[in-house]
Amino acid sequence: MVEVTGPTGGRAGERLVVVGAGMAATRLVEGLVAGGYPGRVTVVGEEEHAPYNRILLSAVLEGSHREDALTLRDPAWFADHGIDLRLGTRVAEVDREAGEVVLVDGHRIGWDRLVLATGAIPTLPPIRGLVGLDGRLHESVHAFRSVADCHRLLDRLAEGLPGRSVVVGGGLLGLQVARALAVRGVATEVVEGSTHLLSGQVGEAAGAVLRRDLERLGTDVYTGVRAVRLTPDGLRLDNGVDLPTDLVVLTAGGRPSTALARRAGLMVRRGVVVGRWLESVTDERVHALGDCAERLGRTTGFVAPAWEQAAVLAAHLCRGGEEAGSRVTGGYDGHRAVARLRASGLEVAVLGEPETTPGDVVEVSNPLRGTYRKLVVRGGVIEAATLVGDLSHVGLVTQLFDRRTVLGPAEPGALLMPPTPAVPVELPDDVEVCACAGVTAGAVRACGRLEEVRSRTRATTGCGGCEGVVRTLLAGGEPAGQAVGSTR
Ligand SMILES: Cc1cc2nc3c(=O)[nH]c(=O)nc-3n(C[C@H](O)[C@H](O)[C@H](O)COP(=O)(O)OP(=O)(O)OC[C@H]3O[C@@H](n4cnc5c(N)ncnc54)[C@H](O)[C@@H]3O)c2cc1C
């Protein structure tokens with residue numbers, strides 16, 4: 001008979017097993033350490049590499065970052081904090097009856113509480129010839145989700161630059177990989193089935209700015225067409241065009257990795273269905289977070305919500321999570337969807353769901369400078385936003401969005417105008433400057449150096465998009481911004 005503890009925080013001495021050692025799991029463990037979690041923690045990760053920042057893989061591919069700069073926490077950090085980290089080991093099954101996970105080698109680890117942080121797996125587009133009779137990807141075809149994928153691509157580039165490459169999928173990963181290959185000097189083409197680039201997050205106008213940006217690097221973009229067949233000469237599109245290529249990178253999206261949860265009898269729709277404390281609706285002893293979790297009908301796929309969920313769960317397991325004034329009070333409601341996309345020279349931030357949220361649209365586009373900004377406003381409140389090419393106002397916009405600040409009729413327009421260096425306004429201490437780690441300007445100012453900001457707050461360690469603002473704040477300057485609005 002298994003004791004069910006319920007979603008009421010962790011008990012002293014309980015055994016907590018985390019499946020997956022990715023970005024959400026690492027953030028959770030950091031929160032457990034900081035919060036003095038009273039139980040014993042084991043983390044099981046399938047990849048050999050110490051937990052790393054997946055977002056920066058394209059920077060390694062491009063050659064602007066060394067691989068060791070990706071490590072979030074090295075194994076010694078886990079050991080120093082009494083965490084049992086097992087890398088290069090996959091959990092094959094979850095046995096809820098016995099309260100154990102079964103590793104691929106048959107070894108079992110007991111748990112009183114289990115966290116699934118298994119991330120997402122790339123989807124294979126329906127292209128004939130991608131997979132050989134042996135079930136393996138054709139030698140010219142690569143995925144791009146892990147350090148191992150990145151190594152394979154780098155090895156391929158080291159053998160001699162491919163004449164031409166095709167990136168299948170014009171979403172976040174596609175943009176990152178296409179830019180990295182272009183920077184490496186590989187002639188690259190992008191094939192995207194929908195009408196524009198990054199169609200899951202932004203509208204056509206922003207997609208056009210992104211397209212122009214890629215084309216400026218010499219990359220050709222084909223939208224509204226699908227690759228249907230890999231031939232000895234290249235990739236055939238459904239409009240009959242053949243793209244000669246000797247390297248194909250698949251970046252056509254991913255789906256939550258839920259096979260373990262399904263087999264364990266937990267409720268899974270697109271992701272593992274969880275309540276406000278990230279507990280499975282089937283079994284309160286089991287939690288899920290990050291790319292594999294589904295809350296209120298939504299899965300996420302970005303690091304900011306994954307880290308917010310990790311903060312909520314860590315606080316819940318350490319203290320019951322109901323601290324007054326805490327960002328996590330009330331659990332995770334999935335409302336605050338913020339995505340920052342990182343690729344060299346490319347800045348994109350999406351708050352909420354700008355393409356589907358009803359409201360008045362205020363937008364400014366300057367394709368010549370590669371910038372696009374859009375706010376969806378209802379009743380004076382920013383309900384959603386897209387910022388492309390210039391994120392100098394992202395801190396303020398995020399704060400106004402988060403707090404549902406009521407703006408006057410001129411303010412949304414003023415917010416979208418380029419920064420005015422003549423009138424720098426001090427960012428209030430409570431303005432959030434790092435969306436990934438939820439760090440405010442005040443918390444940055446309280447640190448002396450960038451390294452201190454990184455270790456104390458984790459700002460700049462996610463997508464890295466806030467680094468410019470953080471450096472300016474540390475230097476005693478102020479990022480351009482405008483003080484607007486009144487809080488409801
Ligand atoms: C190339 C790339 C670029 C990205 N760029 C951005 C960006 O710019 N901005 C942004 O917000 N997001 C970006 N993302 C998405 C972001 O990385 C994810 O949202 C984030 O990593 C989610 O964290 P996670 O812990 O849920 O999943 P992951 O970080 O994917 O970690 C899951 C881990 O679980 C392991 N695992 C799975 N099953 C098992 C098992 N059975 N046993 C043991 N281990 C297992 C996996 O091997 C993996 O290491 C990017 C993703 C990729 C791949």
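Leu198 sits in the loop that runs from strand 11 (187-192) to helix 6 (204-216). Its phi is near 50 degrees, a positive value in a residue other than glycine. Keep in mind that this is a predicted model. The rundown below starts with that loop and its neighbours, then goes through the ligand shell, two open sheets, and the strands numbered 23 to 25.

**Two leucines with positive phi**

- Leu198 counts as buried because it has 24 C-beta neighbours inside 10 Å, and the cut-off for that label is 20 or more.
- Leu278 also has a positive phi, about 60 degrees, although it is not a glycine.
- You'll find Leu278 in the loop between strand 18 (272-274) and strand 19 (286-288).
- Leu278 has 27 C-beta neighbours inside 10 Å, so it counts as buried.

**Either side of the Leu198 loop**

- Strand 11, which leads into the loop, is mostly covered, with five of its six residues buried.
- Strand 10 (residues 164-168) runs parallel to strand 11, and five bridges join the two.
- Within that pairing, Ser165 has Thr188 in strand 11 as its bridge partner.
- On the other side of the loop, helix 6 has 13 residues that should span 18 Å at 1.5 Å a residue, and its end C-alpha atoms are 18 Å apart, so the two values agree.
- The buried residues in helix 6 are Ala206, Gly207, Val209, Leu210, Arg211, Asp213 and Leu214.
- A general point helps when reading that list: an α-helix has 3.6 residues a turn, so residues three or four places apart point the same way.
- After helix 6 comes Gly218, with a positive phi near 90 degrees.

**The shell around the ligand**

- There are 41 residues around the ligand, and Gly20, Gly22, Ala24, Gly119 and Gly290 come nearest.
- Two or more residues of the shell come from each of these elements: helix 1 (23-35), helix 2 (57-62), helix 5 (172-183), helix 8 (303-319) and strand 21 (338-343).
- Strand 21 gives the most, with four residues.
- Sorted by class, the shell holds 23 nonpolar, 10 polar and eight charged residues.
- Domain 1 (15-120 + 256-319) and domain 2 (141-252) each supply at least three residues to the shell.

**Open sheet 4-5-6**

- This is an open sheet of three strands in the order 4-5-6, with antiparallel pairing.
- Strand 4 (91-95) and strand 6 (108-110) are at the edges with a single partner strand each, so one side of each has no neighbour in the sheet.
- On average, neighbouring strands of this sheet are turned by 20 degrees against each other, direction ignored.
- Four bridges hold the antiparallel pairing of strand 4 with strand 5 (residues 100-103).
- Glu93 stands opposite Val102 in strand 5.

**Open sheet 13-14-15**

- Here too the sheet is open, with three strands in the order 13-14-15 and antiparallel pairing.
- What stands at the edges of this sheet? Strand 13 (227-231) and strand 15 (242-244) do, each with a single partner strand, so one side of each is left without a neighbour in the sheet.
- The average turn between neighbouring strands of this sheet is 25 degrees, direction ignored.
- Strand 14 (residues 234-237) pairs with strand 15 over three bridges, in the antiparallel sense.
- Arg236 is found opposite Asp242 in strand 15.

**Strands 23, 24 and 25**

- Strand 23 (residues 360-366) and strand 24 (residues 371-378) run antiparallel, joined by seven bridges.
- Across that pairing, Glu363 stands opposite Lys374 in strand 24.
- The two strands form a hairpin with four residues between them, and Gly370 in the turn has a positive phi of about 75 degrees.
- Ile382 belongs to strand 25 (residues 381-388).
- Is Ile382 buried or exposed? Ile382 is buried, because 29 other C-beta atoms lie within 10 Å.
- Ile382 and Gly352 are 30 residues apart in sequence, and their C-alpha atoms are 9.5 Å apart in space.

Terms used
Residues are numbered from 1 along each chain as its sequence is written. This is a predicted model: local features need pLDDT of at least 70, side-chain atom pairs count only at pLDDT 80 or more; totals for chains, interfaces and linings use all residues. A residue is buried if 20 or more other C-beta atoms lie within 10 Å of its own, exposed if 12 or fewer, and partly exposed in between; C-beta atoms are placed from the backbone. Two strands pair if DSSP finds at least two bridges between them. Axes are lines fitted to C-alpha atoms, for helices over the stretch in contact, and angles run from 0 to 180 degrees between N-to-C directions. The expected span of a helix is 1.5 Å times one less than its number of residues. A residue is near a molecule or strand if its C-beta atom, placed from the backbone, lies within 6 Å of it. Ala, Val, Leu, Ile, Met, Phe, Trp, Tyr, Cys and Pro count as nonpolar, Asp, Glu, Lys and Arg as charged, and the others, Gly among them, as polar. Domain bounds come from an automatic or database domain assignment.
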